[in-house]
Amino acid sequence: MAKDYIVKDITLAAFGRKELDIAETEMPGLMACRTEFGTTKPLKGARIVGSLHMTIQTAVLIETLVELGADVRWASCNIFSTQDHAAAAIAEGGTPVFAIKGQSLEEHWDYLDKSFAFPDGANMILDDGGDATLYILYGARMEAGEDLLPVPQSEEEVAIKAQILKRIAETPGWFAKTKADIQGVSEETTTGVHRLYDLHKKGELPFPAINVNDSVTKSKFDNKYGCKESLVDGIRRATDTMMAGKVAVVMGYGDVGKGSAASLSGAGARVIVTEVDPICALQAAMDGFQVTTLDDVVETADIFVTTTGNKDVIRIEHMRRMKDMAIVGNIGHFDNEIQVAALKNHKWTNIKEQVDMIEMPNGHRLILLSEGRLLNLGNATGHPSFVMSASFTNQVLAQIELWTKGDEYQPGVYILPKHLDEKVARLHLDRIGVKLSKLDAEQAAYIGVSPDGPFKPEHYRY
Ligand code: NAI
């Protein structure tokens, strides 16, 4: 049989498998799902397309979904985030995966398309950033005659448009059929969730979606404590620069910004925060960080990190004013936080994979990480397994919910109930030696909760 995967080097599978074995010991939530649901196989019949960074941790997620009965095909949601040994281990295990670290944008969309190629078509999406969902929904509209991208504004848009037109030419009606077959999507990240709410507001979301990001055990852990470990890891592996004493600017003080500022300050950098939201600005100030505008510090800071999920946060006029050898990177989902396109006509010197030195007109050089794509996954290996276990346990529960009870949901965006959020947290306590206290009946009645939870009202913010 022809091979049904695209990976960099299948001989890396044995190395990938060893790291997978280690990761499993750090992912108690996913392993508990295998124990709880491994015999009943609630995902039997689900044909899940995954579009999420193809890392070792994701490999443990994939094998959990398979153990729960699903058929799975996988692509990465970012051209630089794949760990080739993880992809090889998954391919060797028999799950089709299409992902290479450093793939081109054209390959990115081609690989996503290939991940939909189940013999009977896909019926579920597990998304990170919304590319798989958008591919199907934009494709269906273009198939119906709309030209959604008459003049593509970026290399990204050129690539997605070309792939959609190719699929329409090869298999007319494919997008409409796939759109009709999809029963639900679970979305991993803030940016993808924004896209889903936006689609729903416009009446363009045809299936139910679970917002995994806003489970407390996702965004308040992965986005925060995950970035706290992986941001500095990425900068160090890329540059080996001394952090202590450097001035670092973190743009945005949401969950990722909080983790990123903590990461840099933990490494000894002096951290300055920029924000547009007065609440987050006040939080940053009261956490001890100077809060000011990028304009004020752009000439003096050493390291710049965007965490906003917004666009054009570091603009070309900022980069022209930065000091020689300033380090510039992004940890938000897309690369448009930094105006990388405006640097294309400058002199680039590649230092190593995902590290470039760019000469500005005044002779100053910038070190740009991962071409402005999320640097913790491009320059390092993303978040550690333990925190990804919490995120991915939410993903598994969301997939089970949508697959087994999807018909009880109208199209819309939903969050998993609090008792499941608490369950995900509970599954991670033993591994780090946490002992919970227990409410007695009187105490529980006094604060108005059940002794077994949920322990907080819906409006509680953690
Ligand atoms: P968030 O919404 O909690 O935080 C973003 C913050 O940026 C907000 O407080 C907002 O007020 C601020 N902001 C927006 N525009 C700004 C501007 N022009 N200048 C300064 N501040 C501005 O979102 P969250 O969860 O922190 O996620 C941020 C991004 O990181 C998203 O794209 C998300 O998908 C991505 N993400 C990346 C991860 C990674 O491992 N690299 C992990 C989790 C999320």
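Ala, Val, Leu, Ile, Met, Phe, Trp, Tyr, Cys and Pro count as nonpolar here, Asp, Glu, Lys and Arg as charged, and the others, Gly among them, as polar. With that in hand, the shell around the ligand has 6 nonpolar, 15 polar and 5 charged residues.

Some ground rules. This is a predicted model, where local features need pLDDT of at least 70, side-chain atom pairs count only at pLDDT 80 or more, and totals for chains, interfaces and linings use all residues. Residues are numbered from 1 along each chain as its sequence is written, and side-chain values use heavy atoms, with hydrogens and water left out.

Now the ligand. There are 26 residues around it, meaning a heavy atom within 4 Å, and T189, T190, T191, E275 and I331 come nearest of those 26. The side chain of T189 has an N or O atom 2.6 Å from a ligand oxygen. A polar backbone atom of I331 is 2.8 Å from a ligand nitrogen. A polar backbone atom of H333 is 3.0 Å from a ligand oxygen. Taken alone, the ligand exposes 860 Å², and the protein buries 84% of that; these areas are Shrake-Rupley values with a 1.4 Å probe.

Where does the shell come from? Domain 1 (10-218 + 383-421) and domain 2 (225-379) each give at least three residues; the bounds come from an automatic or database domain assignment. Helices α9 (190-201), α10 (216-239) and α11 (255-266) each supply at least two. Which of the helices gives the most to the shell? That is α10, with 3 residues. Helices (H or I, at least four residues) and strands (E, at least two) are DSSP runs, numbered from the N terminus.

Next, R195, in helix α9. R195 is partly exposed, at 25% relative accessible area. The scale, with a 1.4 Å probe and protein chains only: buried is under 20%, exposed over 50%, partly exposed in between. Beyond four places in sequence, R195 is in contact (heavy atoms within 4.5 Å) with G129, G130, D131, L134 and F334. The side chains of R195 and D131 make a polar contact of 3.2 Å. Such a contact is a pair of N or O atoms within 3.5 Å; within protein, one must be able to donate a hydrogen and the other to accept it, and residues adjacent in sequence count only if both atoms are side-chain atoms.

Last, backbone oddities. Most residues other than glycine have a negative phi, and most peptide bonds are trans. D240 has a positive phi of about 55 degrees, and S370 one of about 50 degrees. Buried or exposed? D240 is exposed at 66%; S370 is buried at 0%. Finally, a cis peptide bond joins G453 and P454, with omega about -10 degrees.
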